[in-house]
Each structure stands twice: as C-alpha cells, then as structure tokens.
Amino acid sequence: MKVPKEVQIGKTNYRVHNKTGFGSSPVVGRIDYALRTITLASHGGVTKKKRTPAQLQDTLWHEITHGILKDMKNPLESDEKFVCAISSRIAKVVRQLEAP
C-alpha cells in the first residue's frame, strides 16, 4: 500500500504529511484532530534510522485507528495499548490482501 496524501475518516478528511522526525521524541506518528492532519516520521523514534515503507504504513494504520475511535467518540481512542493491538492486526490483514 502506498501512503496516501489524504484519508477520510467518517466525514473528516485528514491530510497525510511526512517529516523527518519529532525532535528528541521517540514518536513516529501523530494525528492532529484540530488541524486535520496525520504526520508520519520518515526516520524513527530513538534510533533516528530511516523507516521502511512497511513501518510507515503500520504507523499510518495506527493513526487512522486513533481517528476512527475519535470519530466514534469511543473512550478507547486514547488507550495506546488498545490502539496498538488493533492497528497492528489491521495492518497485517491489509498486507495479506495486497499480497499477490
């Protein structure tokens, strides 16, 4: 899956941006509900190594999962453990569907 420039979650469109990183933070992705953006770091977390396309896609699905739960007004939106568990499974299924 190619990382899109925009995704729609519910009725809200989010622009997808790439940036090198988030300074000294280990964060590799962020969704901003007010600005309607999803930002992905091309270089990851603590190591600052270049991230693979698969890693970027996993991060995108993670941020989309936050957005879906926010759209649903679900309190699990801020539960990082839950979001990681669901988004990693979604990303895996998407990769299976894309495989030849």
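Start your tour by selecting E2 and E4, two strands that run parallel and are joined by five bridges. To see one pairing up close, pick arginine 15, whose bridge partner in E4 is threonine 37. Keep in mind as you go that this is a predicted model.

**Stop 1: strand E4 and its other side**

Stay with E4 and add strand E3, residues 29-32. Here the two strands run antiparallel, with four bridges between them. Isoleucine 31 is a good residue to click, since its bridge partner in E4 is isoleucine 38.

Is E4 covered or open? It is mostly covered, with five of its five residues buried. Colour Thr37, Thr39 and Ala41 in one shade and Ile38 and Leu40 in another: the two sets point opposite ways from E4, and all are buried. In a regular strand, side chains alternate between the two faces of the sheet.

**Stop 2: the turn**

Next, follow the chain from E3 to E4, which form a hairpin with four residues between them. Select arginine 36 in the loop that separates these two strands. Its phi is near 55 degrees, a positive value in a residue other than glycine. Most residues other than glycine have a negative phi. Arginine 36 counts as partly exposed because its relative accessibility is 46%.

**Stop 3: the nonpolar core**

Now show side chains for Val7, Tyr14, Val16, Ile38, Leu40, Leu60 and Ile64. These have the most contacts inside the largest nonpolar core, a set of 13 residues. Strand E1 (6-9), strand E2 (12-19), strand E4 (37-41), helix H1 (53-71) and helix H2 (80-98) each supply at least two residues of this core. Which element gives the most? That is H1, with four residues. Nonpolar side chains tend to be buried together in soluble globular proteins.

Zoom in on leucine 40 and display its surroundings. Leaving aside neighbours within four places in sequence, its contacts include Val3, Val16, Val28, Leu56 and Leu60. Asn18, Lys19 and Thr59 are also among them.

**Stop 4: between the helices**

How many salt bridges does a search of the whole structure find? It finds one. Select aspartate 58 and arginine 95 to see it, with the closest N and O atoms 2.6 Å apart. The pair links distant parts of the chain, as aspartate 58 sits in helix H1 and arginine 95 in helix H2, 37 residues apart. Aspartate 58 counts as partly exposed because its relative accessibility is 29%. Arginine 95, with a relative accessible area of 34%, is partly exposed.

**Stop 5: two lysines**

Select lysine 70 together with tyrosine 33. The charged end of lysine 70 sits over the ring of tyrosine 33, 5.0 Å from its centre. If you look for aromatic pairs, the structure holds zero.

Then move to lysine 73, in the loop between H1 and H2. This residue has a phi near 60 degrees, a positive value in a residue other than glycine. Lysine 73 is exposed, with a relative accessible area of 73%.

**Last stop: glutamate 6**

Finish in strand E1, where you will find glutamate 6. Not counting residues up to four places away in sequence, glutamate 6 touches Asn13, Tyr14, Arg15 and Val16. Glutamate 6 counts as partly exposed because its relative accessibility is 45%. For a sense of distance, draw a line from its C-alpha to that of phenylalanine 82: the two are 24 Å apart in space and 76 residues apart in sequence.

Technical notes:
Residues are numbered from 1 along each chain as its sequence is written. This is a predicted model: local features need pLDDT of at least 70, side-chain atom pairs count only at pLDDT 80 or more; totals for chains, interfaces and linings use all residues. Side-chain values use heavy atoms; hydrogens and water are left out. Rings of Phe, Tyr and Trp (its six-membered ring) pair if their centres lie within 6.5 Å; planes under 30 degrees apart count as stacked, over 60 as edge-to-face and the rest as tilted. A charge sits over a ring if NZ of Lys or CZ of Arg is within 6 Å of the ring centre and within 35 degrees of the ring normal. A nonpolar core is a set of buried Ala, Val, Leu, Ile, Met, Phe, Trp, Tyr and Cys residues joined through side-chain atoms within 4.5 Å. Buried means under 20% relative accessible area, exposed over 50%, partly exposed in between (1.4 Å probe, protein chains only). Contact means heavy atoms within 4.5 Å. A salt bridge is a side-chain nitrogen of Lys or Arg within 4 Å of a carboxyl oxygen of Asp or Glu. Two strands pair if DSSP finds at least two bridges between them.
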